[in-house]
Amino acid sequence: MDGVKNGAETGIDCGGTCSRRCLAQISDPIIFWSRAFHVVGSTYNLVAFIGNQNMDSAVKEATYEFKIYDVNNKMIGRKSGSTFIPPNKQFAVFDSRFDAGESQVKSVTFEFTGNLDWVKKQPTLDSLPIFIDNIAMGSDNLNPSLSARVKNESIQDLPKFETIAILYDIDNNAINASKTFRDALRSGESISVNFTWPEPLTAMPVKKDVLFSINPFSVSF
């Protein structure tokens, strides 16, 4: 971090044996979609689905911003935060409880703000035998729910993690999402995760994805 290209670096303080990646080595994250999902009243959850194509590069802290627009394409609000970007993975950014007031939300945009500091990071977590199965919707359509099981068949004890459920209709459009946290999952154990929605869904869910996420910078393996 001396502001000079020296040693085995291929750029200024980046590349080669340096832990930081040069931007010339990096592909920008792909924003596949961003949506606002109605919760109840004037409250919405904001979700962006993103892909990082960089095989062994990640970002420890990435700031972002959602911009929310009404039916007249007028921006009615912004919501910002920060997240990590895992290596070589599709992931979701979930920002809860945006209050639209009297407005009706029509669309949402998402972007990363500021500079993304890419560093070397192997996708070790994705190679662990961690499985999600038994994904099933509840039978009460008026109070929708979804359950799943997370199985840790690795030799590692897992720290706090989050799971995000995304529901898709027959045309593969995301119709709603929900998030939940668990404190830990020991090696050889499994745990149930449950998601609920306070109002009926706008369409019949045909596809149900449950995304498992641990901050790769929070573990030593």
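**Exercise 1. Place T83 in the predicted model and list its partners.**

Task: In this predicted model, find the strand that holds T83, decide whether T83 is buried or exposed, and name the residues it contacts beyond its sequence neighbours.

Solution.
- Step 1: Start with the secondary structure. T83 belongs to strand β4, which covers residues 75–85.
- Step 2: Now check the accessibility. The relative value for T83 is 17%, and buried means under 20%, so T83 counts as buried.
- Step 3: Set aside the neighbours within four places in sequence. The contacts of T83 are then K60, E61, A62, Y64, V93 and F112.

**Exercise 2. Do the same for T180, then take a distance.**

Task: Which strand holds T180, what surrounds it, and how many Å separate its C-alpha from that of I68?

Solution.
- Step 1: T180 sits in strand β11, which runs over residues 174–182.
- Step 2: With a relative accessible area of 13%, T180 is buried.
- Step 3: Without the neighbours up to four places away, T180 is in contact with F161, E162, T163, V193, N194 and F195.
- Step 4: For the distance, go from C-alpha to C-alpha. T180 and I68 are 23 Å apart in space, with their positions 112 residues apart in sequence.

**Exercise 3. Look at a loop residue.**

Task: Where is A100 found, is it buried or exposed, and how does it relate to I68 in sequence and in space?

Solution.
- Step 1: A100 is in the loop that joins β5 (89–99) and β6 (105–113).
- Step 2: Its relative accessible area is 9%, so A100 is buried.
- Step 3: Leaving out residues up to four places away, A100 touches S42, Y44, I76 and V105.
- Step 4: The C-alpha atoms of A100 and I68 are 8.6 Å apart, and the two residues are 32 positions apart in sequence.

**Exercise 4. Analyse the aromatic pairs.**

Task: How many aromatic pairs does a search of the whole structure find, and what is the geometry of the pair F32 and F49?

Solution.
- Step 1: The search gives eight aromatic pairs.
- Step 2: Take F32 and F49. Their centres are 5.8 Å apart and their planes make an angle of 40 degrees, which is a tilted pair.
- Step 3: Trace the pair along the chain. F32 is in strand β1 (residues 30–40) and F49 in strand β2 (residues 43–52), 17 residues apart, and the pair links distant parts of the chain.
- Step 4: Compare the surroundings of the two rings' residues. F32 has a relative accessibility of 40% and counts as partly exposed, whereas F49, at 11%, is buried.
- Step 5: Turn to W33 and F37. Their ring centres lie 6.3 Å apart with the planes at 80 degrees; the angle is over 60, so the pair is edge-to-face.
- Step 6: Both partners can be classified too. W33 is buried at 13%, and F37 is buried at 3%.
- Step 7: Put the pieces together. Ring pairs join F32, W33, F37 and F49 into a cluster.

**Exercise 5. Find charges over rings.**

Task: Over which rings do the charged ends of K160 and K207 sit?

Solution.
- Step 1: K160 places its charged end over the ring of F181, 5.0 Å from the ring centre.
- Step 2: The charged end of K207 sits over the ring of Y168, with 5.0 Å to the centre.

**Exercise 6. Check the backbone at two asparagines.**

Task: What are the phi values of N134 and N172, and where do these residues lie?

Solution.
- Step 1: N134 is not a glycine, yet its phi is positive, at about 55 degrees. It lies in strand β8, residues 130–137.
- Step 2: N172 is not a glycine either, and its phi is also positive, at about 65 degrees. N172 is in the loop between β10 (161–168) and β11 (174–182).
- Step 3: Add the accessibility of N172. At 45%, N172 counts as partly exposed.

**Exercise 7. Describe the whole chain.**

Task: How many helices and strands does the chain have, what share of its residues is buried, and how are its charges placed?

Solution.
- Step 1: Count the elements. The chain has zero helices and 13 strands.
- Step 2: Estimate the extent. Along the principal axes, the C-alpha atoms fill a box of roughly 65 × 50 × 30 Å.
- Step 3: Consider burial. Of the 221 residues, 41% are buried.
- Step 4: Consider the contacts with a separation of 6 or more. Residues 24 or more positions apart account for 66% of them.
- Step 5: Consider the surface. The chain exposes about 11,800 Å², with 46% of it supplied by carbon and sulfur atoms.
- Step 6: Finish with the charges. There are 22 positive and 25 negative side chains, and the centres of the two sets are 1 Å apart.

Technical notes
Residues numbered from 1 in each chain as written. Predicted model: local features only at pLDDT ≥ 70, side-chain atom pairs only at ≥ 80, totals over all residues. Heavy atoms only, no water. Phe/Tyr/Trp six-rings, centres within 6.5 Å; stacked < 30°, edge-to-face > 60°. Helix = DSSP H or I, 4+ residues; strand = E, 2+ residues; numbered from the N terminus. Buried < 20%, exposed > 50% of the residue type's maximum accessible area, 1.4 Å probe, protein only. Lys NZ or Arg CZ within 6 Å of the ring centre and 35° of its normal. Contact = heavy atoms within 4.5 Å. Areas by Shrake-Rupley, 256 points an atom, 1.4 Å probe, with all protein chains shown as cover. Lys, Arg positive; Asp, Glu negative; His and termini not counted. Charge placed at Lys NZ, Arg CZ, Asp CG, Glu CD.
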